[in-house]
Amino acid sequence: AVVSTQSTGIFDHPESGKPWDADLLQCNYGILVVSQFTLQCVLKGNKPDFHNAMKSDESEKMYNQFCAALRQAVPNSDTLVQEGEFGAFMQVHIQNDGPVTIPIDSPESLSQQKVKPAKPQKQQKKNKEGDTGVENVAEQLEKL
């Protein structure tokens, strides 16, 4: 999840201007991490049901592990990675630039939700050492 968060090319490239070609690090953009575990619900009739949501103590641990991994992976994380307060009511004022939401989820979570995972992308070219430069997302999630 950390690799996907920091290295997904969703911004205009700062030099070429090419859309969907640069990631957060290339643009020197910051990341605001806001927990939303308590928002996981399904509708039963016209009421939300939160029984499938992760328990608060478990989700706070995962949130903190994700933030720590992100801070470790992002250069200048002391200024580029900011966190909301876990479990708090927050008013976050942002300006979205575009109508795109990209969910990043684990294959295990998708199977529990009975959602088919996206088809695998074409294999990336390998460098001289045979490394693609991007870790498997499932391996990253296991590290958390």
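In this predicted model, a salt bridge brings together the side chains of Asp49 and Lys44, with 3.1 Å from N to O. Side chains of opposite charge can pair like this when their charged atoms come close. The two partners sit in rather unlike surroundings: Asp49 counts as buried because its relative accessible area is 10%, under the 20% cut-off, whereas Lys44 counts as exposed because its value is 57%, over the 50% mark.

Asp49 has other company too. This residue belongs to strand S3, which covers residues 47–49, and its side chain also makes a polar contact of 2.4 Å with the side chain of His51. Setting aside neighbours within four places in sequence, Asp49 touches Gln40, Cys41, Val42 and Lys44.

The structure has two salt bridges in total. Besides the one at Asp49, there is a pairing between the side chains of Glu83 and Arg71, again at 3.1 Å from N to O. This pair ties together distant parts of the chain, twelve residues apart: Glu83 comes from strand S4 (residues 81–83), and Arg71 from helix H3 (residues 56–73). Glu83 is partly exposed, at 35% relative accessibility, and Arg71 is partly exposed as well, at 29%.

Charged pairs aside, there is a nonpolar patch on the surface, made up of Ile10, Trp20, Val100, Ile102 and Ile104. Together these residues offer about 460 Å² of accessible area. One of them, Ile10, lies in the loop that runs between helix H1 (2–7) and helix H2 (24–27). With a relative accessibility of 33%, Ile10 counts as partly exposed.

Technical notes
Residues are numbered from 1 along each chain as its sequence is written. This is a predicted model: local features need pLDDT of at least 70, side-chain atom pairs count only at pLDDT 80 or more; totals for chains, interfaces and linings use all residues. Side-chain values use heavy atoms; hydrogens and water are left out. Helices (H or I, at least four residues) and strands (E, at least two) are DSSP runs, numbered from the N terminus. A polar contact is a pair of N or O atoms within 3.5 Å; within protein, one must be able to donate a hydrogen and the other to accept it, and residues adjacent in sequence count only if both atoms are side-chain atoms. Contact means heavy atoms within 4.5 Å. Patches are made of residues with over 30% relative accessible area and no salt bridge: like charges are joined within 9 Å, nonpolar side chains (Val, Leu, Ile, Met, Phe, Trp, Tyr) within 5 Å. Accessible areas come from the Shrake-Rupley method with a 1.4 Å probe; for residues, only the protein chains shown count as cover. A salt bridge is a side-chain nitrogen of Lys or Arg within 4 Å of a carboxyl oxygen of Asp or Glu. Buried means under 20% relative accessible area, exposed over 50%, partly exposed in between (1.4 Å probe, protein chains only).
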